[in-house]
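Biologist: Hi! Could you load the structure so we can talk through how its parts touch?
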Protein chains: 2
Amino acid sequence: MIRFSERVPETIRFERGRLAFLDQRKLPAEVHYWQIDTLDDAIEAIRTLAVRGAPAIGIAAAYALALSVRDVPAERRTAVLHAHAERLKGSRPTAVNLAAAVDRLLAMQTHEPELLLAEAERLHAEDRSMCARIGQFGMPLIRPDANVLTHCNAGALAVSALGTATAPLYLAHRAGRKFHVWVDETRPLLQGARLTAWELATAGIDVTLICDHVPASLMAAGRIDLVIVGTDRVARNGDTANKIGTLGLAVLAQHFKVPFYVACPATTYDPDTPEGSSIIIETRGADEVLGTQAAAVNVYNPAFDVTPVNLITGFITDQGLITAPDQDRLLRTFRRQ
Amino acid sequence: MIRFSERVPETIRFERGRLAFLDQRKLPAEVHYWQIDTLDDAIEAIRTLAVRGAPAIGIAAAYALALSVRDVPAERRTAVLHAHAERLKGSRPTAVNLAAAVDRLLAMQTHEPELLLAEAERLHAEDRSMCARIGQFGMPLIRPDANVLTHCNAGALAVSALGTATAPLYLAHRAGRKFHVWVDETRPLLQGARLTAWELATAGIDVTLICDHVPASLMAAGRIDLVIVGTDRVARNGDTANKIGTLGLAVLAQHFKVPFYVACPATTYDPDTPEGSSIIIETRGADEVLGTQAAAVNVYNPAFDVTPVNLITGFITDQGLITAPDQDRLLRTFRRQ
């Protein structure tokens with residue numbers, strides 16, 4: 001397995017028995033690790049999005065839960081563990097990875113603190129390994145002198161270690177390959193500008209920030225060779241839900257004949273969702289869009305859009321690269337998990 | 001000619017001998033008319049973008065110049081007029097309309113204050129008439145219950161009266177037609193969010209603000225029936241330069257089979273520019289993009305992009321509607337000016 005670079009920012013640190021989360025609310029102005037001493041600290045960090053990204057939240061919760069019963073006497077430990085688990089699950093009720101990670105610890109046969117902590121570390125290691133495998137399968141796509149576009153943050157900050165969409169970039173960079181990454185701002189919450197641009201630049205990758213509607217002109221000028229995005233859910237037929245703006249990039253990529261890849265772990269594939277139209281799109285509040293500079297008008301603020309599989313050149317997964325994706329290939333590849 | 005609605009915001013007011021500019025820097029938080037008492041006031045307003053948009057700047061300068069010699073004795077008037085004209089031209093040296101408007105007053109046979117002022121009013125009236133003709137030719141495109149997307153600000157605030165891209169909307173609204181307008185933010189300077197959303201909403205039009213990368217998902221859902229944008233320059237073959245983001249919208253419109261129109265006065269057509277690739281794109285500073293929320297990285301901030309004529313359904317001009325535009329049709333129509 002590929003070792004985690006010192007220079008790629010770590011979302012979650014567990015060293016010498018101490019847990020700390022990189023406080024993403026303060027990025028990029030301040031790189032601050034919040035030391036998590038209590039369960040309340042962890043719940044507060046998850047609730048306020050100091051730590052974010054579904055896999056990262058799961059790992060954070062597992063560590064926090066294991067540590068929270070370290071000093072609890074054996075006879076009360078399981079009861080306390082269940083109570084703490086409920087509180088953690090309540091901190092972000094819709095986060096599936098959080099509940100899954102917590103349940104994984106609860107389901108263990110013995111609740112010895114050392115074993116709980118080892119399981120949290122194993123979860124963390126699995127996530128790193130998943131990222132590294134995505135990186136290895138995707139790395140050949142990053143040709144020397146390539147110009148790569150990514151969108152939003154499917155990076156180290158959202159997951160662990162290398163991220164998903166960013167994993168091929170980190171590995172290609174580590175291999176000494178020269179390339180350049182365009183990062184779009186990703187309005188309204190600016191995850192591209194705040195997080196992706198920062199984490200790639202921190203790792204020493206050549207990054208340029210652009211506004212969300214600049215890619216068309218770059219593609220027209222032949223200045224984008226490849227698009228890699230993450231995803232929140234892949235439907236059975238391959239239609240892919242991701243951060244709003246992804247569909248537009250996929251349409252542009254097809255028009256300008258630029259390969260368009262989706263990077264994701266096999267766990268993102270959901271065979272119970274037949275196709276993209278079955279995915280319900282979360283609409284968020286107007287306050288995210290309206291700043292002091294916007295008129296007081298109606299706002300439509302969808303968080304995601306759905307890219308049909310026919311616009312996707314391939315999926316970069318921890319189980320392999322799936323090009324010319326169709327349902328059979330997706331089912332075959334993802335079932336290996 | 002169609003009368004200017006009371007409810008569409010006026011960029012430039014000249015009433016009872018007094019000149020005032022709507023201070024666009026304060027929009028939408030504050031609707032403040034800056035009374036222009038001196039030539040210095042006018043120069044300051046133009047220089048600091050309190051008044052902006054090429055045609056609006058030309059009109060503003062003509063009024064300011066005419067008023068600036070009102071109390072100057074006849075024997076010194078022409079000399080002072082020329083001195084003031086030079087100062088005005090220096091306030092935004094690259095604004096072609098400004099120089100043209102000032103030169104038009106200088107070229108008059110007599111420099112009587114009343115005649116200069118009448119010429120400034122005529123310039124203003126011509127601009128209003130141009131907008132109204134664009135509005136009339138474009139109005140049939142705004143079908144009942146249509147969902148129209150516009151980009152940036154080619155509105156009343158940039159021109160005079162009804163704007164260009166917005167003129168068909170204002171006239172359709174006045175005719176009692178029901179429709180809805182999507183306005184994108186237009187990063188980085190947010191002219192859509194600050195100006196277009198405000199001016200349309202002020203006029204009573206049903207407006208919804210969206211982030212710049214939302215249109216693809218709206219088009220995929222059949223929620224955009226028509227796109228209308230303005231333009232800074234139309235090349236001889238019909239390729240069109242406009243605010244960055246326009247090209248992407250045109251590609252999406254073609255993909256999702258949504259009509260894509262460019263609204264402009266015939267004066268925007270430049271037969272001396274053979275095609276889009278001849279247009280030099282202004283790149284602006286990183287500071288417009290980097291806020292406190294963005295990482296300190298490289299920024300590429302182009303102000304415009306070029307949309308090839310084959311992606312344009314038609315031009316809505318003050319000389320008529322040009323559909324299936326080709327060079328011959330463009331030359332025939334625009335030469336009537």
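Modeller: Happy to; the chat below goes through the contact between the chains and then the one between the domains.

Biologist: What should I know before we start?
Modeller: This is a predicted model, so local features need pLDDT of at least 70 and side-chain atom pairs count only at pLDDT 80 or more, while totals for chains, interfaces and linings use all residues. Residues are numbered from 1 along each chain as its sequence is written, chains are lettered from A and ligands numbered from 1 in the order in which they are written, and side-chain values use heavy atoms, with hydrogens and water left out.

Biologist: Cool. How many residues does the contact take from chain A and from chain B?
Modeller: It takes 49 residues from chain A and 49 residues from chain B, where contact means heavy atoms within 4.5 Å.

Biologist: And how much do they bury between them?
Modeller: About 3,700 Å², with 69% of it on carbon and sulfur atoms; buried area is the accessible area (1.4 Å probe) that two parts lose on being put together, summed over both. His213(A), Gln293(A) and Tyr300(A) supply 19% of the area that chain A buries against chain B, more than any other three residues.

Biologist: How many salt bridges are there between chain A and chain B?
Modeller: The count is two, a salt bridge being a side-chain nitrogen of Lys or Arg within 4 Å of a carboxyl oxygen of Asp or Glu. Arg187(A) forms one with Glu185(B), and their closest N and O atoms are 2.4 Å apart.

Biologist: Which strand of chain B is joined to β6(A)?
Modeller: That's β12 of chain B, residues 298-299; two bridges join the strands, which run parallel. Strands here are DSSP runs (E, at least two residues), numbered from the N terminus, and two strands pair if DSSP finds at least two bridges between them. Leu209(A) has Val299(B) as its bridge partner.

Biologist: Switching topic: what domains is chain A divided into?
Modeller: Domain 1 covers 12-131 and domain 2 covers 140-334, with bounds from an automatic or database domain assignment. Their C-alpha centres lie 27 Å apart.

Biologist: What area is buried between domain 1 and domain 2 of chain A?
Modeller: About 1,300 Å², of which carbon and sulfur atoms give 65%. In domain 1 of chain A, Arg52(A), Met130(A) and Cys131(A) lose the most area to domain 2, together 43% of what that side buries.

Biologist: And how many salt bridges there?
Modeller: Between domain 1 and domain 2 of chain A, the count is zero.

Note on methods
Helix = DSSP H or I, 4+ residues; strand = E, 2+ residues; numbered from the N terminus.
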